[in-house]
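Reader: I've got a new model open on my screen and would like to talk it through. Can you take me around it?

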Amino acid sequence: MSNVILGLLQHACSASPAENLKKTLALAEEKLGRDHAGTLTTLNQLATVYRDRGRLDDARKAYERVVESRERIVGKDHPDVASALSNVGIVYRQQAKYDEAMKAYERALALPLHGSLTDAD
């Protein structure tokens, strides 16, 4: 194995999950576009890592971007929007912003449960 490949592998293994996802997100945005389903999935994963690490403001901003993009792509009444809104609500709850959390949850619960882009036929 070449030293270059070995070096890249060592760097990838030593980088944090957030760093790896940020690089993946940048590449996805460049190659696929900001609103591509793959890009939004990566952004959602990054937000979850932020949330798990206590970076709640970063997580909320990323989840809100997912909501905005999904609303623009599939419409405000789509189940994928409900999932994204639920994630926003989780962060607000963790921040003890209960009114905002309740609003996000209520919006999510008002949306249909079936028909998401990820549902199997």
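Author: Sure, and one definition up front: buried means under 20% relative accessible area, exposed means over 50%, and partly exposed is what falls in between. Keep in mind that this is a predicted model.

Reader: Let's use that on Arg55, then. Is Arg55 buried, partly exposed or exposed?
Author: Its relative accessibility comes to 36%. Partly exposed covers the range between 20% and 50%. So Arg55 counts as partly exposed.

Reader: Which side chain meets Arg55 in a salt bridge?
Author: The N to O distance for this pair is 2.8 Å. The partner is partly exposed too, with a relative accessible area of 30%. That partner is Asp58.

Reader: How many salt bridges are there in total?
Author: A pair counts when a side-chain nitrogen of Lys or Arg is within 4 Å of a carboxyl oxygen of Asp or Glu. By that rule, the count is eight.

Reader: Take Arg60 and Glu64, which also meet in a salt bridge. How far apart are they along helix α4?
Author: Their N to O distance is 3.1 Å. Arg60 is buried at 14% relative accessibility, while Glu64 is partly exposed at 23%. Both sit in α4, four residues apart, so the separation along the helix is about one helical turn.

Reader: And Glu71, which residue does it form a salt bridge with?
Author: The closest N and O atoms of this pair are 2.4 Å apart. Glu71 lies in α4 and its partner in α6 (residues 98-109), so the bridge ties together parts that are 36 residues apart in sequence. Glu71 is buried at 15%, whereas the partner is partly exposed at 42%. The partner is Arg107.

Reader: Which residues do salt bridges with shared partners join into one network?
Author: Here the bridges link up through the partners they share. The members of that network are Glu29, Arg34 and Arg65.

Reader: On to the helices. Which residues of α2 are exposed on the face turned away from its buried side?
Author: Start with the buried residues of α2, which are Ala18, Leu21, Leu25 and Ala28. They cover an arc of only 80° around the axis, so they are on the same side of α2. They pack against α3 and α4. The face turned away from them carries the exposed residues Glu30 and Lys31.

Reader: What is the phi of the glycine that follows α2?
Author: α2 has 16 residues and reaches 21 Å from first C-alpha to last, close to the 22 Å expected. The glycine that follows α2 is Gly33, and its phi is positive, near 105°.

Reader: Which helices do the buried residues of α3 pack against?
Author: Helix α3 spans residues 37-52 and reaches 22 Å, close to the expected value. Its buried residues include Leu40, Leu43, Asn44, Leu46 and Tyr50. They pack against α2, α4 and α5.

Reader: Thr39 is in that helix as well. What is its relative accessible area?
Author: Look at what surrounds Thr39: leaving out residues up to four places away in sequence, it touches Leu25, Ala28, Glu29, Leu32, Gly33, Arg34 and Arg65. Thr39 is buried, with a relative accessible area of 0%.

Reader: Now the middle of things. Which helix gives the most residues to the largest nonpolar core?
Author: In soluble globular proteins, nonpolar side chains tend to be buried together. This core has 25 residues, and Leu46, Tyr63, Leu85 and Val88 touch the most other members. Each of α2, α3, α4, α5 and α6 supplies at least two residues. The biggest contributor, with seven residues, is α5.

Reader: Which residues is Tyr63 in contact with, leaving aside neighbours within four places in sequence?
Author: Tyr63 is one of the core residues that touch the most other members. Counting contacts of every kind beyond those neighbours, its partners are Asn44, Ala47, Thr48, Arg51, Asn87, Val88 and Val91.

Reader: One last thing: which residue other than glycine has a positive phi, near 65°?
Author: Look in the loop between α5 and α6. The residue there is partly exposed, at 44% relative accessibility. The name you want is Ala96.

Definitions and conventions: Residues are numbered from 1 along each chain as its sequence is written. This is a predicted model: local features need pLDDT of at least 70, side-chain atom pairs count only at pLDDT 80 or more; totals for chains, interfaces and linings use all residues. Side-chain values use heavy atoms; hydrogens and water are left out. The expected span of a helix is 1.5 Å times one less than its number of residues. Buried means under 20% relative accessible area, exposed over 50%, partly exposed in between (1.4 Å probe, protein chains only). Contact means heavy atoms within 4.5 Å. The arc is that of the directions from the helix axis to the C-beta atoms. A nonpolar core is a set of buried Ala, Val, Leu, Ile, Met, Phe, Trp, Tyr and Cys residues joined through side-chain atoms within 4.5 Å.
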